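Biologist: I should like to learn how to read a structural model feature by feature. May we begin with a single contact and work outwards from there?

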Amino acid sequence: MATVKDRIVSFIQLENLTVRGFEQHANLSNGAVSKMGNSPRYAIVEKILKAFPKINRDWLLTGEGEMYAENEPKPEISYADGVPYYDEDFLLGFEEIGAPNSENPDFLIRMPGYEKATLWCNASGHSMEPEINNGDIIALQRVVDFSFLPFGDVYGFITTNGMRTIKRLGRSSKEGYYRLIPTNKEYDEQEIPITKIALVYRVMGAMKAF
């Protein structure tokens, strides 16, 4: 019989998230999902539903009904408040392209659960499919101190020579390096010196273009 944990894993997979990314977005401790029983504490449930209001509470707790709430929140375009959206690409494979060229966003996006994002932009390429697809719009959160990053999460990297890529972070056997892992196994893993990284963004989530 499916448990709350099983249903959470199903949601994570359907939303193309990582377990750790889900935990971070819901402000849960590392490993909280794996330790979860069929009767999680009220505080944990509330954190999950606050971070992911699209989840149907009854479905999460009992398995009854649909996964998504009928009043699932939708992204809204705004010119007054929200997270800035830049109609520019963040490549899924390494490409020579600099930081966003414009200081002025095309518009703002209001999306419940993504208020802490730094910006939205486009995903371009195929190396992270099916987790992140070409044409998806991705929410990125700036990581100021990237001397240590949790392995297994997905990040956007901009290098000192103006290259962009989005990859899952893995441990490198080389001191002072990060290993960048594509989801699409047709692409090769890459290793990059930490000193060659200029900017890091945590990928909070992705949605289809609207």
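Modeller: Certainly. The backbone nitrogen of Arg 142 lies 2.8 Å from a polar atom of the side chain of Thr 118. Please bear in mind that this is a predicted model.

Biologist: How should I judge such a distance?

Modeller: A polar contact is a pair of N or O atoms within 3.5 Å, where one must be able to donate a hydrogen and the other to accept it. The pair formed by the backbone nitrogen of Arg 142 and the side chain of Thr 118 is separated by 2.8 Å.

Biologist: Where does Thr 118 lie, and which residues does Thr 118 touch?

Modeller: Thr 118 belongs to the loop between strand S4 (107–110) and S5. Leaving aside residues up to four places away in sequence, Thr 118 touches Val 83, Pro 84, Leu 140, Gln 141, Arg 142 and Tyr 201. A separation in sequence may also be set beside one in space: Thr 118 and Arg 202 are 84 residues apart along the chain, and their C-alpha atoms are separated by 9.6 Å.

Biologist: Why is Thr 118 classed as partly exposed?

Modeller: The class follows from the relative accessible area: buried means under 20%, exposed over 50%, and partly exposed in between. Thr 118 has a value of 34%, so it is partly exposed.

Biologist: Why is strand S6 described as largely enclosed by the rest of the structure?

Modeller: The same kind of reading can be applied to a whole strand. In S6, residues 137–143, 6 of the 7 residues are buried, so the strand is largely enclosed by the rest of the structure.

Biologist: Which strands pair with S6, and in what sense?

Modeller: S6 has a partner in strand S5 (residues 119–124), and the two pair in the antiparallel sense over 4 bridges. In this pairing, Asn 122 stands opposite Ile 137 of S6. S6 is also joined to S11 by 7 bridges, and these two strands run antiparallel. Here Leu 140 faces Val 203 of S11 as its opposite residue. As a general idea, side chains in a regular strand alternate between the two faces of the sheet.

Biologist: How should I read a hairpin?

Modeller: One looks at the paired strands and then at the residues between them. Strand S8 (residues 163–171) and strand S9 (residues 177–181) run antiparallel and are joined by 4 bridges. Gly 170 has Arg 179 in S9 as its bridge partner. The hairpin has 5 residues between the strands, and Gly 176 takes a positive phi near 80°. S9 pairs further with strand S10 (residues 190–193), again in the antiparallel sense, over 4 bridges. In that pairing Tyr 178 stands opposite Ile 192.

Biologist: How many cavities does a search of the whole structure find?

Modeller: The search finds 3 cavities of 30 Å³ or more. The largest holds about 140 Å³ of space. It is lined by 16 residues, and the closest to its centre are Asn 16, Leu 17, Thr 18, Val 203 and Met 204. Helix H2 (19–25) and strand S11 (197–207) each give two or more residues to this lining, and S11 gives the most, with 5 residues.

Biologist: What is the make-up of the lining by class?

Modeller: The lining of the largest cavity has 7 nonpolar, 5 polar and 4 charged residues. The second largest cavity, of about 90 Å³, is lined by 13 residues, with Glu 15, Ala 51, Phe 52, Lys 54 and Tyr 114 closest to its centre. Its lining has 9 nonpolar, 2 polar and 2 charged residues.

Methods:
Residues numbered from 1 in each chain as written. Predicted model: local features only at pLDDT ≥ 70, side-chain atom pairs only at ≥ 80, totals over all residues. Heavy atoms only, no water. 1 Å grid on protein atoms, 1.4 Å probe; cavity = no way out; pocket = protein on both sides within 12 Å on 5 of 7 lines; lining within 4 Å. Points joined across faces, edges and corners; volume = space filled by probe spheres on them. Nonpolar A, V, L, I, M, F, W, Y, C, P; charged D, E, K, R; others polar. Buried < 20%, exposed > 50% of the residue type's maximum accessible area, 1.4 Å probe, protein only. Pairing = 2+ DSSP bridges. Contact = heavy atoms within 4.5 Å.
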